[in-house]
Every structure is written in structure tokens, then in C-alpha cells.
Amino acid sequence: MAAAAPARFVRFSEARPILAELAGKLPPELNTLTPARLESAWPGWIERHDREVRARLEQGDEDTIVNWMLFGTSFTSRPRAVLGAVESGAAGDRELRLRRTIELISGRLDDLLKALAAPGNDERRLFARALLQRKGVGFATGADWEAARKYLLAALMRVAGEQEQIDQELGATSGGDPTTEFVRRSRLFRTRGLSLDTSLITNYSVEQALAAMKARGLLEPGAVRRVAIVGPGLDFADKDVGFDVYPQQTLQPFAVLDSLERVGLAPSPGDPEIVLLDISPRIIDHVTQARARAARNSGYTLNLPLPRSTSWLPEVRTYWQTFGDRIGAPAQAPTSKAIADLAELRAVRARPSAVQRMSVLNANIVTERLDGEAFDLVIATNVFIYYDVLEQALAMSNVEAMLKPGAFLLANFSAPSLTSVTIRPIDTTTTLYARARDANEDILDVIVWYKARAN
């Protein structure tokens, strides 16, 4: 496995074409500078912006705790809480439903605080407790509990307000031209905290894209030897269902390895090298520990929930049923009534050799660049949606710099249309997961194939 050089900040000479094209639309602290002053200010700005991007992780972690409070099952026996309605469908008028929702949330909050006061060895409880303590919130006295309650309620109100704003943006883009709608949605979370939560199903759309690219002759059999995954994710509590009965896990690295084997793109003999690029200490530590266990011949268990609330297409169910068969073997999944009511669950134990194909590197795709890297493929799903135009343009330039000439990025967003960003979209794959129910939209994902210059 090739050694990865540390990431470095983007140089002004590398950013200059992007900054020139976006002149007049740059952040306020850059927008009024002359070209000479801009060059002088750049090193300080990119370093500060790197810290600002990384600081968004804390807000994303707070969002995760709010979702866990609403949906988690491991610390309470109460029903899940949905903002604006009680999931059990209480009868009555809007005021009654709202009052019952508030009562339910209040009860779940009390249960969570009790769990955090006595966390034991539970990794989720310890994580949430540590975050609150960093905010100056304790659990020793009644006053501490009240402060913790107020803090979490304020976080809940913030999350609800942000979701309302996002819903309004989505409503404004719905029903129009699909391409325009996709472009607008591609920066939907640009002001939100950076969340690590992921989804198994997104990886099905990646596999579909890989199969289509192989069929077109764009990727040759056995030709994908080095892959970078930007923001692989770490499941804490699903934002829709709140699964929390199994340890935290990272799915995408294993999903990509599994798909490359299944589609016939992995080198033979041997497996492709998977390099994970992330800024989260949680992900870096998680993968580092998994690699250490693999060195002692211990595999990695992947828990694979499939929510019952969605009518998945047969091909999606087939993907779920066969996931992991190229990299491991079926394992015993945890059981509980709470999860049985919400989802079907299977588990796979990935082989230690699969874990050992992975490495992790602390790299901010927006502000940092890798030297000496040459990847056949880069994958970034549900990542770029958290950034604005300048950040996306810088990130795309950084991705291209670490791709082999003519190699590909797969990402589910529409990049800014700038002449200064030379990696180009050449096609898309639209993957349908489930058909619409009533007035709801179909559940689908769009993967864009971006190709680096061939030189």
C-alpha cells in the first residue's frame, strides 16, 4: 500500500483562476481586495477557513444528538418523535397533536438526560455527554440538569428552524426543470453543521454508476487499483429512523470495495487500495482502531438495516440481501423489538484483509491538496452539498489534482459551471430506490460522472 503524503493548504497560484472567475462573488473579506493584496492575504485566509470548516463538525455532532434524542431506541421505550406530529398518528386537531408531540419530546429528553448521567461504557452516551461537557454543561446537580435540558431544547429549536428553511428551499425548487432543481439542491446544506451520518442505500447508486461506466468502456475490467473516498461517514443514529442498537460503523469503504469486486473492476489478484479522506477525528480514530484490530486478524461487522416504512424496489432489496458477499460472510445481527418494528436487519462480517486495504488521511477537500497521489477513482456522496460555490470549486480542483489523467470522480451533486474548474461532467446515472406514495416524490439519487483532463 502506497504511503500517503500529508495534505497541504491550497496555494494561491492554484486558486487564482477560480478567484478571478468569481471576482465580485467572493467572501466579503476577499471581495474588496486588489489582486496583489488578495495574493498576500491568501495564506492566512485559507488557513482560517480550514479552521472554520472543521469547526462545523461540532454543530453537525450536535445535530446528530438532536436526531438521536428524537428517534433513538436504546435509551428510552417511548415512541419516536417527529417534529410537528406524533408518529403513532394521534387523532384530533393540530393543537392536540402538537401538545402530544411536545410531551413526547419532553419525555424523551428526560430519558436521554438520565442515560447521559450514567453512561456506563455506551459509546453514544459517552460521546453525547462529552459534547455537552465541552459546552459547560454538567450532570452533578439539579441546576446542571436544567442547564442541559435548556441546551438541548435550544439545539432542537435550531435544528427545527434550519429544517423549515430547507423545506422552503426544496419547495421553491420542486416541480420545475429537473436540472435546475438538481443544481439548486446541490448546495442545500451550505450553512449547516457537517454531519457524519450516512446511508447504505446511497452506495447502491454508486454501484449502478460503476456498472454503467464499465458497460460503456470508460472503466476497464480490473483497472481500479486506487480509490479515494471523501467523507466516508460514521453512522451514529440514522436521521430518519434512529438505529442505535449496534456499534457505530462506517459503511461506504466496505460498500465500494464490495461493488468493485462484484462489478469486476477490482484488480486481480488482490484488492484495490481504499484511501479515506476526512477531517473528523471520530472517523480517523474509528478507522485507525479497525485497522489495528484487523492486524490482529479481527474482521469488521457491518449492520445493514432496511427500513420497513419504504416500499423498496426489488433490485434495491437484492442489493441489500447480497451486500458484502464479496468481502465477508453473513453474521448474527442484533435483535430487539424496537428495531424489528422499524426495519429488517442483516449483518456481514468483513474479512480482516478487506479492512487492511483501507487507510485514512486527515484532509480537508476544500482547503487542502494532496501531492503525489494518483487515484483511478474518487467517490464523494452527500459531501459537496455542505459547501458554497467557492468551496465547491476549490474542492473540485483539489480532487482533479489527485486523479490520474482522464480518471473519474463520482458525486451526487452538480458542480459550479466555471471555466476555471477543468474537471468536467460527462454523464449521469439516475437510480430509483422506491416509487412515490400518494403526493410524495420518488426516492432516487443522481450520480454525476466527472472526468479529469486527459493531458
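Okay, so let's start where H1 touches H3. On the H1 side we have Phe-12, Ala-15, Arg-16 and Leu-19, and they meet Pro-35, Leu-38, Glu-39 and Trp-42 of H3. Sort those by class and you get six nonpolar residues, two charged ones and no polar ones. Keep in mind that this is a predicted model, so everything I say is about a prediction.

How do those two helices sit against each other? H1 covers residues 12–21 and H3 covers residues 35–71, and they pack at an angle of about 135 degrees, with 11 Å between their axes. Angles over 145 would count as roughly antiparallel, and this pair is therefore oblique. The crossing is right-handed.

Now compare that with another helix pair, H8 and H9. H8 is residues 202–215, H9 is residues 252–263, and their axes come within 10 Å and cross at roughly 30 degrees. The cut-off for roughly parallel is under 35 degrees, so H8 and H9 land in that group. This crossing is right-handed too. From H8, the contact takes in Asn-203, Val-206, Glu-207, Leu-210, Ala-211 and Lys-214. From H9, you'll see Gln-252, Ala-255, Ser-259, Leu-260, Arg-262 and Val-263. By class, that contact has six nonpolar, three polar and three charged residues.

Right, on to the sheets. There's an open one with seven strands, and if you walk across it you go E9-E5-E4-E11-E12-E14-E13, with mixed pairing. Which strands stand at the edges? Those are E9, residues 358–362, and E13, residues 424–434. Each has a single partner strand, so one side of each has no neighbour in the sheet. From one strand to the next, the twist averages 20 degrees.

Inside that sheet, have a look at E11 and E12. E11 is residues 375–380 and E12 is residues 403–411; they run parallel, and five bridges join them. If you want one pair to click on, take Ile-379, whose bridge partner in E12 is Leu-410. There's a helix here as well: H10, residues 281–295, lies across E5 (273–278) and E9, and runs at about 150 degrees to E9.

The other sheet I want to show is a three-stranded one. This one is open too, in the order E6-E8-E7, and its pairing is antiparallel. E6 (300–307) and E7 (328–331) are the edge strands here, each with a single partner, so again one side of each is left without a neighbour in the sheet. The twist in this sheet averages 30 degrees from one strand to the next.

How many bridges join E6 to E8? Eight, with E8 being residues 343–350 and the two strands running antiparallel. For a spot to zoom in on, Thr-301 stands opposite Arg-349 in E8. And H11, residues 314–322, lies across E6 and E8, at about 40 degrees to E8.

Last thing, confidence. The protein chain averages a pLDDT of 90, and 94% of the residues score at least 70. Where is confidence lowest? That would be strand E3, residues 85–86, with a mean of 46. At the other end is E11, highest at 98, and that's the strand we just saw joined to E12 by five bridges. Around E3, residues 84–91 stay under 50 in pLDDT, and for them the model has 12 contacts beyond four places in sequence. Okay, that's my tour.

Methods. Residues are numbered from 1 along each chain as its sequence is written. This is a predicted model: local features need pLDDT of at least 70, side-chain atom pairs count only at pLDDT 80 or more; totals for chains, interfaces and linings use all residues. Side-chain values use heavy atoms; hydrogens and water are left out. Axes are lines fitted to C-alpha atoms, for helices over the stretch in contact, and angles run from 0 to 180 degrees between N-to-C directions. Helices (H or I, at least four residues) and strands (E, at least two) are DSSP runs, numbered from the N terminus. Angles under 35 degrees count as roughly parallel, over 145 as roughly antiparallel, 65 to 115 as roughly perpendicular and the rest as oblique. A crossing is left-handed if the near helix is turned anticlockwise from the far one by less than a right angle, and right-handed if clockwise. Contact means heavy atoms within 4.5 Å. Ala, Val, Leu, Ile, Met, Phe, Trp, Tyr, Cys and Pro count as nonpolar, Asp, Glu, Lys and Arg as charged, and the others, Gly among them, as polar. Two strands pair if DSSP finds at least two bridges between them. pLDDT is the predictor's confidence in each residue, from 0 to 100.
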